[in-house]
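This briefing goes through a single protein chain, from model confidence to individual residues. Please keep the sequence and the model in view while reading.

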Amino acid sequence: MIPAANLLAFLVAAFVLIVVPGPGVLFVIGRALTEGRRAALVSVLGHSLGVLGVLLLVAVGLGAVLQASAILLTIVKLAGALYLIYIGIQAIRERRSLRAALGTQAQTAHRRRVFRQSVIVGVTNPKAIIFFSAVLPQFVDPASGPLPVQMLILGFLFLAIALVSDSAWALVAGSARDWFAKSPKRMDAVGGAGGVMIIGLGASVAVSGNAH
């Protein structure tokens, strides 16, 4: 059982890290502005599952390997950055198609693509690797049980907070998009802005590796 003091300290740290808008939030907002609330919420879920994959890998020791290898960590960081830039370019190219009505099958296929993209963004999130491998262990207690189990518990709490926070950002940004959607020109503009935001996020990740 994780000591209460450690658990409280971790929850405070996780809350501050998650709630303060960072690149991860910008990714969700970019999705909301580009494709609406549903796509943004699908992105939140996909990104969370991708980060969950990182947590599981860290719990079994891979995080320590990546943290110790600057080359591997750089590869992961650049892969994530390039993928974000690709998504942003696609969003700009397809912004005019956002106003077109889609059939049910098309919407389902589109949401699956958004989901897959978001999972990849989560898996290649360099800050998630650093946080789970370097910060998370600071809150576990060797005398309180198996460390991997404690790390998983803390990691799930982190993901739960992130899921709620990112969903809230997605809903707020999606509502703003609905207002812009009343004008075709504004809709094209906001779709392009969302794409530019995602590209900027990819560039910032490539430079600093900071992504929630």
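The mean pLDDT (the predictor's confidence in each residue, from 0 to 100) of the protein chain is 76, and 73% of the residues reach 70 or more. This is a predicted model, in which local features need pLDDT of at least 70, side-chain atom pairs count only at pLDDT 80 or more, and totals for chains, interfaces and linings use all residues. Residues are numbered from 1 along each chain as its sequence is written, and side-chain values use heavy atoms, with hydrogens and water left out.

**Confidence by element**

- Helix 3 has the highest mean pLDDT among the elements of the chain, at 90, while helix 4 (residues 62-68) has the lowest, at 62.
- The pLDDT is below 50 over residues 100-106; this stretch has one contact (heavy atoms within 4.5 Å) in the model beyond near neighbours in sequence.

**Overall fold**

- The protein chain has nine helices and zero strands; helices (H or I, at least four residues) and strands (E, at least two) are DSSP runs, numbered from the N terminus.
- Of the 212 residues in the protein chain, 43% count as buried; buried means under 20% relative accessible area, exposed over 50%, and partly exposed in between (1.4 Å probe, protein chains only).
- Among contacts with a separation of 6 or more, 87% are between residues 24 or more positions apart.
- The accessible surface of the protein chain is about 10,300 Å², and carbon and sulfur atoms hold 73% of this surface; the areas come from the Shrake-Rupley method with a 1.4 Å probe, and for residues only the protein chains shown count as cover.

**Annotated spans**

- The unreviewed UniProt entry annotates "transmembrane region" over residues 6-29, 41-64, 70-89, 119-140, 152-176 and 188-207; UniProt positions are given in the numbering used here, feature names are shortened, and annotations may be inferred rather than shown by experiment.
- In the model, residues 152-176 are 100% helix and 0% strand, with end C-alpha atoms 36 Å apart.

**Nonpolar cores**

- The largest nonpolar core (a set of buried Ala, Val, Leu, Ile, Met, Phe, Trp, Tyr and Cys residues joined through side-chain atoms within 4.5 Å) has 22 residues; F10, F132, L136, L154 and F158 have the most contacts inside it.
- Two or more residues of this core come from each of helix 1 (4-19), helix 3 (37-59), helix 7 and helix 8 (147-180).
- Helix 8 gives the most to this core, with six residues.
- Leaving out residues up to four places away in sequence, F10 touches F131, L136, F139, L154, L157 and F158.
- A second, separate core has 14 residues, including F27, I87, V121 and A173.

**Helix 3 and its residues**

- The 23 residues of helix 3 should span 33 Å at 1.5 Å a residue, where the expected span is 1.5 Å times one less than the number of residues; the end C-alpha atoms of helix 3 are 33 Å apart, which agrees.
- G61, just after helix 3, takes a positive phi of about 110°.
- S48 lies in helix 3 and is buried, because its relative accessible area is 12%.
- Residues up to four places away in sequence aside, S48 touches L159 and L163.
- R38 is also found in helix 3 but counts as exposed, because its relative accessibility is 59%.
- The C-alpha atoms of R38 and A170 are 8.6 Å apart in space, with their positions 132 residues apart in sequence.

**Buried residues in helices 7 and 8**

- I129 is in helix 7 (residues 126-135) and counts as buried at 4% relative accessibility.
- From C-alpha to C-alpha, I129 and L57 are 9.0 Å apart, and 72 residues apart in sequence.
- D166 is in helix 8 and counts as buried, because its relative accessibility is 3%.
- D166 and S43 are 123 residues apart in sequence, and their C-alpha atoms are 9.5 Å apart in space.
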